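Q: I am new to this structure and would like a close look at one part of it. Please start with a single pairing between strands and build the picture outward from there.

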Amino acid sequence: MFKRIIGLVLLDQGVVSRTRNFHSDYQYTDEFIDTRFFDEIAFINISQNHNQESYDKFRNTVENLMRDSQLPVSMGGGIRSIDDIERFRLFGADRYIINQTSITNDQFISRVIEIYGKSSVISSISHSGEFIASRRYVSTQSISDRVAEIGSNCGSEILLNSIERDGTLRGLDLETAKLISRVSKAPLILSGGVGNATHIDDALKVNNVVGVTTSNIYHLTTTTVSSWRSSLLSNGANIRLI
Amino acid sequence: MGVSVTPIDSASEVLSVRHLIIPGVGSFQTAMQHLKQNGFIESLKERCLKRKLPTLGICLGAQILLEEGHEGGISRGIGVFEGTVERSDIHLSTPESHTGWDTVEIVRNILGFKAHTRADFFFNHDYIFVPKETSEVYATVHHGGSFPVILKKYNTYAIQFHPEKSQTSGLSMIRAFLRSGNV
């Protein structure tokens, strides 16, 4: 199976946003994103208020970006109930990104898996180095412990969001990925820090890493995902030829 | 694609539309319960087996076309194809979901794809087809072991991957389906 380059699109009130360390610091028009050369697109609603207006705007942007696209789509941001999942399903989501950074309701996750299938759930965990973190604090709980707690309730994959690396272009946090690979067999998607094709190449070689997300890089450099794919393929990376 | 699409909500429409696509996300048992409650089972059987009208099941929509599914407990399927749908880890050497792009090997000519060629499609599933008739297998994939991913009987196609999420190769497969069965 091929490894994936996933386009991560953060939407604040429906506007494509750039973040650094999880703080939104710049906004773009959606014309910046060419979805054709990704393997999957992930949309996260990062609006402070998850009200009807924010969902309507989210939906408009998603529909606009995916109009002529036949790619798998994952969505997340504020999922706490089956109603939240149903809303994203109607927006066109194939898979749901559920934040499991802090203690979550295991019964809820089990219910989602029962209704939608294990393969439709991606668990998202935010961290700073080896510790669980949020935008506001770094906890003392190790991410390996959290992954062990979640166990098989993680769905099909775990999305590791490095807050420390987010928006820095310094490269993905491979050390934390390796740490988790030692305690869990769950397939991992690494997010936060991609600054060049080598960062992706290195990450895709780590055990259990099945994909990486890229986001800010296309706003900050003249590189395109298309040129990266060529360079990764010529280095022998196990990605699909588009 | 130049076709008009109508979501259907009654069993009679199952027999009246020219081409029927059965998408599917969710679990086998829940999906079958919904179809049963709405009286779709018999009309689907008639459409696929007696009238032999063009029908395309995708992912769970394909799995329910087999006789029996094991997701959410053992339950009966529509039974267009003989065989069962079972957890992939019983048959394969990998315990993980089959999620992502993978290379499909075409065994027999199907929907515009020639036998002995390969193409990449997007998969997202934990359960696999275990058909009885190998002659109904038109394509396979290798993921911890080889397993069938396209079944065909008369004009009914059961496709485990998502052609609608697989860019150009998927689009060409759907176009070929929409051309199929036209007189």
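A: A good place to begin is β4(B), where S75(B) is the bridge partner of G69(B). This is a predicted model, and the pairing just named belongs to a contact between two strands: β3, residues 66-69 of chain B, and β4(B) run antiparallel to each other and are joined over two bridges. These strands are part of an open sheet of four strands in chain B, whose order is β4-β3-β5-β8 and whose pairing is mixed. At the edges of that sheet stand β4 (75-76) and β8 (127-131) of chain B, each of which pairs on one side only.

Elsewhere in chain B, strand β9, which covers residues 137-142, offers another view of strand pairing. This strand is mostly covered, with five of its six residues counted as buried. One of its partners is β6 (residues 98-106) of chain B, which pairs with β9(B) in the antiparallel sense over three bridges, and within β9(B) the residue T140(B) stands opposite E105(B). Another partner is β10 (residues 146-153) of chain B, which runs antiparallel to β9(B) and is joined to it by five bridges; here T140(B) has P148(B) in β10(B) as its bridge partner. The strands β9(B) and β10(B) form a hairpin with three residues between them, and in this hairpin G144(B) takes a positive phi near 70 degrees.

Stepping back to the whole of chain B, one finds six helices and 11 strands. The C-alpha atoms of chain B fill a box of roughly 45 × 35 × 25 Å along the principal axes, and the radius of gyration of chain B, 15 Å, agrees with the value near 16 Å that a compact globule of 183 residues would have. Of those 183 residues, 56% count as buried, and among the contacts in chain B with a separation of 6 or more, 66% are between residues 24 or more positions apart. Chain B exposes about 8,300 Å², with carbon and sulfur atoms supplying 50% of that area. Its side chains include 18 positive and 18 negative ones, and the centres of the two sets lie 9 Å apart.

Chain A can be described in a similar way. It has eight helices and 12 strands, and because its radius of gyration of 17 Å is close to the 18 Å that the globule rule gives for 242 residues, chain A is as compact as a globular protein of that length. The C-alpha trace of chain A spans about 45 × 40 × 35 Å along its principal axes, and buried residues make up 58% of its 242 residues. The accessible surface of chain A comes to about 10,300 Å², of which 47% belongs to carbon and sulfur atoms. Chain A carries 25 positive and 27 negative side chains, and the centres of these two sets lie 3 Å apart.

One residue of chain A rounds off the picture: N238(A), which is found in the segment after α8 (225-234) of chain A. With a relative accessibility of 40%, N238(A) counts as partly exposed, because that class lies between the cut-offs of 20% and 50%. Once its neighbours within four places in sequence are left aside, N238(A) is in contact with M1(A), F2(A) and K3(A). The C-alpha atoms of N238(A) and I41(A), which are 197 residues apart along the chain, are separated by 19 Å.

How values were computed:
Residues are numbered from 1 along each chain as its sequence is written. Chains are lettered from A and ligands numbered from 1 in the order in which they are written. This is a predicted model: local features need pLDDT of at least 70, side-chain atom pairs count only at pLDDT 80 or more; totals for chains, interfaces and linings use all residues. Side-chain values use heavy atoms; hydrogens and water are left out. The radius of gyration is taken over C-alpha atoms; the globule rule is 2.2 Å times the number of residues to the power 0.38. Buried means under 20% relative accessible area, exposed over 50%, partly exposed in between (1.4 Å probe, protein chains only). Contact means heavy atoms within 4.5 Å. Accessible areas come from the Shrake-Rupley method with a 1.4 Å probe; for residues, only the protein chains shown count as cover. Lys and Arg count as positive and Asp and Glu as negative; His and the chain ends are not counted. The place of a charge is taken as NZ of Lys, CZ of Arg, CG of Asp or CD of Glu. Two strands pair if DSSP finds at least two bridges between them.
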